[in-house]
Amino acid sequence: LSVEKDDYAVYAESKFPQENRKILIGSEASTKYTQRGTEMYRKIADYLRSTVDGKNGNYIAFFPSYQFMEDVLEEFEKLASGVELVIQSQFMSENQREEFLEMFEEERDHPMLGFCVMGGIFAEGIDLIGERLVGAVIVGTGLPQVSYEREILKQFYDRKKENGFDYAYRFPGMNKVLQSAGRVIRTKEDRGVILLLDERFCLPDYTGLFPREWEEYVV
């Protein structure tokens, strides 16, 4: 935090063992408006099913909006026998939030999948340590909706010969992605999988924003 242009930066290496985190990218998924529809929702539901089938445990899928979440949920329920579901609603009381998190405390002999939204109350500030959460699925790049405020910000940086789209949309979106993904690894002993679902996660504009700890990912 400075006004000096020649200040140096320090990158603190993660203390979490690299082998405890598995980063996967589902490149056949897309959350672009032009790609949305029943076929894509079904494809994302297939990715979710494959993920929870890989290891018994608790998972959370984070979506770009409640509407998108409900559309995928409708498809997932058609092929999700044996998977317990817990779903974030738009207006949750404090008690309902506690009940939601308590679901991750229970031991079960089948997988459980939470449906949540990125940038919401369960995407930051919660600690589901150890087996309480073994995987997170991030659906989409978290880009904010187009608005007057975002467009003014974009134009401001464009005039400064910088990439306005980055500052107005891509950076805020990736911050939400990283916050949601950060729910999985909370201690040095935690192990888990992070699945990024969007074809754009394969593009340099996005992989260039991955933390160093995400260098070893599998498409």
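**Entry 1: R212 and its partner**

I began with R212 in this predicted model, and I noted that R212 is partly exposed, with a relative accessible area of 41%. I then asked which residue forms a salt bridge with R212. The partner is E13, and the closest N and O atoms of the two are 3.1 Å apart. This pair links distant parts of the chain, since E13 belongs to the segment before β1 (21–26) and R212 to the loop between α6 (204–207) and β7, 199 residues apart. E13 has a relative accessible area of 55%, so I wrote it down as exposed, the cut-off for that word being over 50%.

**Entry 2: other salt bridges**

I searched the whole structure for salt bridges and found 13 of them. One of these I looked up joins the side chains of R49 and D53, with 3.0 Å from N to O. Both residues lie in helix α1 (residues 38–54), where they are four residues apart, which is about one turn of the helix. Are R49 and D53 buried or exposed, or something in between? R49 counts as buried because its relative accessibility of 18% falls under the 20% cut-off, whereas D53 is partly exposed at 47%.

Next I turned to D205 and R170, whose side chains meet in a salt bridge of 3.8 Å, N to O. Here again the pair links distant parts of the chain, with D205 in helix α6 and R170 in helix α5, 35 residues apart. D205 counts as partly exposed at 48% relative accessibility, while R170 is buried, with a relative accessible area of 7%. I also noted a network of salt bridges that links R42, E75 and K78.

**Entry 3: the sheet**

I then followed the strands and asked in what order they form the sheet. Seven strands form an open sheet, and reading across it I wrote down β3, β4, β2, β5, β6, β1 and β7, with parallel pairing. At the edges stand β3 (84–87) and β7 (217–218), and each has a single partner strand, so one side of each is left without a neighbour in the sheet. As a reminder to myself, strands of a sheet pair through backbone hydrogen bonds, either parallel or antiparallel.

Starting from the β3 edge, I saw that β3 pairs with β4 in the parallel sense over four bridges, and that V86 stands opposite G114 in β4. Strand β4 (residues 112–117) is in turn joined to β2 by six bridges, and these two strands also run parallel. For F63 I looked up the bridge partner in β4, which is V117. On the way to β5 (residues 135–139), I found that β2 and β5 pair in the parallel sense over four bridges, with F62 standing opposite I138.

**Entry 4: why I call β2 enclosed**

I stayed with β2 (residues 58–63) and asked how many of its residues are buried. The count is six of the six residues, so the strand is largely enclosed by the rest of the structure. I also checked which way the residues point: N58, I60 and F62 point one way from β2, and Y59, A61 and F63 point the other way, and all are buried.

**Entry 5: helix α3**

From the sheet I moved to helix α3 (residues 94–102), in which E102 lies. E102 is one of the residues of a negative surface patch, formed together with E94, E98 and E99. With a relative accessible area of 46%, E102 is partly exposed.

R97 is found in helix α3 too, and R97 counts as partly exposed at 30% relative accessibility. I also looked up how R97 is placed with respect to I121, which is 24 residues apart from R97 along the chain, and the C-alpha atoms of the two are separated by 8.6 Å.

**Entry 6: an uncommon backbone angle**

Lastly I looked at K161, which has its place in the loop between α4 (148–159) and α5 (164–181). What is noted about the phi of K161? Its phi is positive, about 65°, although K161 is not a glycine. I kept the general rule beside this entry: most residues other than glycine have a negative phi. K161 also counts as exposed, because its relative accessibility of 78% is over the 50% cut-off.

Note on methods:
Residues are numbered from 1 along each chain as its sequence is written. This is a predicted model: local features need pLDDT of at least 70, side-chain atom pairs count only at pLDDT 80 or more; totals for chains, interfaces and linings use all residues. Side-chain values use heavy atoms; hydrogens and water are left out. Patches are made of residues with over 30% relative accessible area and no salt bridge: like charges are joined within 9 Å, nonpolar side chains (Val, Leu, Ile, Met, Phe, Trp, Tyr) within 5 Å. Accessible areas come from the Shrake-Rupley method with a 1.4 Å probe; for residues, only the protein chains shown count as cover. A salt bridge is a side-chain nitrogen of Lys or Arg within 4 Å of a carboxyl oxygen of Asp or Glu. Lys and Arg count as positive and Asp and Glu as negative; His and the chain ends are not counted. The place of a charge is taken as NZ of Lys, CZ of Arg, CG of Asp or CD of Glu. Buried means under 20% relative accessible area, exposed over 50%, partly exposed in between (1.4 Å probe, protein chains only). Two strands pair if DSSP finds at least two bridges between them.
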